[in-house]
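User: Please take a close look at a single part of this structure and describe how it sits within its surroundings. A connected account would be preferred to a list.

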Amino acid sequence: MRITVRTGGILHRYLPAGSTNNTAVLEIEEGDGPLDVLRRLGFPEGQRFLVTVNGISIPTTEREATRLAESDDLGIFPPLKGG
């Protein structure tokens, strides 16, 4: 199944070679979730990222249970900072 992964800031370095505009289309397994994709792409464990699925923020506590579907848009962004 295919999903689109979008990153922000310097996180594009975790996308596969050949990715452009901080975006990649990935083949994933049925039942995979955001954490599976983060691990597959080599994102460091224990660091915080803003994760969205189809534009909806996925809290850290729900990332293990969330499942991705065909054509989903997974966003992975550096943490937001207030000011």
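**Valine 53 and its setting**

Analyst: Valine 53 is buried, because its relative accessible area of 10% falls under the 20% cut-off. The model is a predicted one. Valine 53 belongs to strand 3, which covers residues 50-53.

Leaving aside residues up to four places away in sequence, the contacts of valine 53 are Pro34, Ile58, Leu68, Asp72, Asp73 and Leu74. One of these partners, proline 34, is separated from valine 53 by 19 residues in sequence, while the C-alpha to C-alpha distance between the two is 8.3 Å.

The strand that carries valine 53 can be placed in a wider arrangement. Five strands form an open sheet with mixed pairing, in the order 2-1-5-3-4. The edges of this sheet are taken by strand 2 (23-27) and strand 4 (56-57); each has a single partner strand, so one side of each is left without a neighbour in the sheet. At the strand 2 edge, the pairing with strand 1 (residues 2-7) is antiparallel and runs over five bridges. Within that pair, isoleucine 3 stands opposite leucine 26 of strand 2.

A further feature of the model is its largest pocket, with a volume of about 220 Å³. Its lining consists of Leu35, Leu38, Arg39, Phe43, Pro44, Glu45, Gly46, Gln47, Arg48, Phe49, Thr60 and Arg63. By residue class, this lining of the largest pocket comprises five nonpolar, three polar and four charged residues.

How values were computed. Residues are numbered from 1 along each chain as its sequence is written. This is a predicted model: local features need pLDDT of at least 70, side-chain atom pairs count only at pLDDT 80 or more; totals for chains, interfaces and linings use all residues. Side-chain values use heavy atoms; hydrogens and water are left out. On a 1 Å grid over the protein atoms alone, a cavity is a set of points where a 1.4 Å probe fits but cannot get out, and a pocket is an open set with protein on both sides within 12 Å along at least five of seven lines; lining residues have an atom within 4 Å of a point. Grid points are joined across faces, edges and corners, and a volume is the space filled by probe spheres set on the points. Ala, Val, Leu, Ile, Met, Phe, Trp, Tyr, Cys and Pro count as nonpolar, Asp, Glu, Lys and Arg as charged, and the others, Gly among them, as polar. Helices (H or I, at least four residues) and strands (E, at least two) are DSSP runs, numbered from the N terminus. Buried means under 20% relative accessible area, exposed over 50%, partly exposed in between (1.4 Å probe, protein chains only). Contact means heavy atoms within 4.5 Å. Two strands pair if DSSP finds at least two bridges between them.
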